[in-house]
Structures are given as structure tokens and as C-alpha cells.
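I opened my notebook to look a few things up in this chain. My notes follow in the order I made them.

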Amino acid sequence: MAQEPNHRCIVCGKPYRVCDDCLKKHSFLPWRTIADTREHYQVYLVLIQYRDGYLSRPEAREKLSRISFSPEECREGVRRQIQEIFSEPETISPC
């Protein structure tokens with residue numbers, strides 16, 4: 001008998017099930033409590049590092065391009081942040 005989902009992926013919003021043993025870990029935060037797949041967890045880590053200033057836009061772009069995922073499967077806010085990373089920065093033209 002399948003159990004009901006008890007978490008929602010922070011990247012795509014899809015409900016998923018995490019075992020109770022994972023929820024009891026206090027020494028570290030298991031990736032399964034954040035995202036439904038390892039790829040989505042990797043996306044989450046890159047976005048957090050970019051947001052907090054640990055990664056530049058080019059560094060975040062490079063890291064995201066190595067992860068197998070589709071931005072279309074992501075929640076709207078996540079998609080916007082990914083679009084920002086992949087967009088070209090505005091250049092100021094000389095007068």
C-alpha cells in the first residue's frame with residue numbers, strides 16, 4: 001500500500017514521499033527533505049549559492065548547464081531565477 005506524499009519539492013512543487021527515518025536525522029539535512037530528485041537538489045544548491053552571492057552569474061550558469069533538468073518543470077519563482085542567471089546582463093552604452 002502506497003503512503004501519501006508528505007513533502008513538496010522546493011524546485012518543481014511536485015508532492016513526494018520521504019521515509020520517516022530521513023526526517024529523524026539531526027546531524028545533517030537529507031537532500032530528500034528538500035527535493036524529489038538529486039538533480040532538483042543540485043539546482044536548489046546552485047540557486048541558493050547564487051542568491052547569497054557565493055556564485056557569480058557565469059559560475060551559476062556553468063553549474064546549472066551541467067545538471068540534467070528542464071526549467072519548464074520548475075516552479076515559477078525558480079524558473080525566473082534560472083532565467084535571470086541565463087540572461088545577458090544589461091550593458092551601459094557610452095554617451
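**Entry 1: Arg38**

Does Arg38 count as buried or exposed? I looked up its relative accessibility and found 59%. The cut-off for exposed is over 50%, so Arg38 counts as exposed. I then checked where Arg38 sits, and I found it in helix 2. I also looked for a distance to Ser68, which is 30 residues away along the chain. The C-alpha atoms of Arg38 and Ser68 are separated by 9.9 Å.

**Entry 2: How far to trust the model**

I noted that this is a predicted model. The pLDDT of the chain averages 87. I also wrote down that 81% of the residues score at least 70. Which elements sit at the two ends of the confidence range? Helix 1, residues 20-23, has the lowest mean pLDDT, at 63. Helix 3, residues 57-65, has the highest, at 97.

**Entry 3: The overall plan**

I counted the secondary structure next. The chain has 4 helices and 2 strands. Reading from the N terminus, I get the order β-β-α-α-α-α. The chain has 95 residues, and buried ones make up 27% of them. I also looked at contacts between residues at least 6 apart in sequence. Of these contacts, 46% join residues at least 24 apart.

**Entry 4: His40**

I stayed in helix 2 and moved to His40, which has its place there. Is His40 buried or exposed? Its relative accessible area is 5%. Buried means under 20%, so His40 is buried. I listed what His40 touches, leaving out residues up to four places away in sequence. The list reads Cys9, Val11, Cys12, Ala35 and Glu73. I put the two helix 2 entries side by side: Arg38 counts as exposed, whereas His40 is buried.

**Entry 5: Helix 2 against helix 3**

How do the axes of helix 2 and helix 3 cross? I found that they come within 10 Å and cross at roughly 180°. Angles over 145 degrees count as roughly antiparallel, so helix 2 is roughly antiparallel to helix 3. Then I looked up who makes the contact. Helix 2 brings Val43, Val46, Leu47 and Tyr50. Helix 3 brings Arg57, Ala60, Lys63 and Leu64. By class, I noted 6 nonpolar, no polar and 2 charged residues in this contact.

I added Ile48, which also lies in helix 2. At 23% relative accessibility, Ile48 counts as partly exposed. Ile48 and Ala60 are 12 residues apart in sequence. In space, their C-alpha atoms are 9.9 Å apart.

**Entry 6: Salt bridges**

I reminded myself of the general idea. Side chains of opposite charge can pair when their charged atoms come close. How many salt bridges does a search of the whole structure find? The search finds 3. I took them one by one.

- Asp52 pairs with Arg51, and the closest N and O atoms are 2.8 Å apart. Asp52 is partly exposed at 42%, and Arg51 counts as exposed at 55%.
- Arg66 pairs with Glu62, and here the closest N and O atoms are 2.6 Å apart. Arg66 counts as exposed at 59%, while Glu62 is partly exposed at 39%.
- Glu76 pairs with Arg80, at 2.8 Å from N to O.

I checked each pair against the cut-off of 4 Å between a side-chain nitrogen and a carboxyl oxygen. The distance for Arg66 and Glu62 is 2.6 Å, so the pair is within that limit. The other two are listed at 2.8 Å, so they are within it as well.

**Entry 7: Glu76**

Where does Glu76 lie? I found Glu76 in helix 4. That helix covers residues 76-86, and Arg80 lies in it too. Glu76 and Arg80 are 4 residues apart, which is about one turn of the helix. Glu76 has a relative accessible area of 53%. The cut-off for exposed is over 50%, so Glu76 is exposed.

My last look-up was a distance from Glu76 to Val11. They are 65 residues apart along the chain. Their C-alpha atoms are separated by 9.2 Å. Val11 was already in my notes as one of the residues that His40 touches.

Key. Residues numbered from 1 in each chain as written. Predicted model: local features only at pLDDT ≥ 70, side-chain atom pairs only at ≥ 80, totals over all residues. Heavy atoms only, no water. pLDDT = per-residue confidence, 0-100. Buried < 20%, exposed > 50% of the residue type's maximum accessible area, 1.4 Å probe, protein only. Axes fitted to C-alpha atoms, helices over the stretch in contact; angles between N-to-C directions. Parallel < 35°, antiparallel > 145°, perpendicular 65-115°, else oblique. Contact = heavy atoms within 4.5 Å. Nonpolar A, V, L, I, M, F, W, Y, C, P; charged D, E, K, R; others polar.
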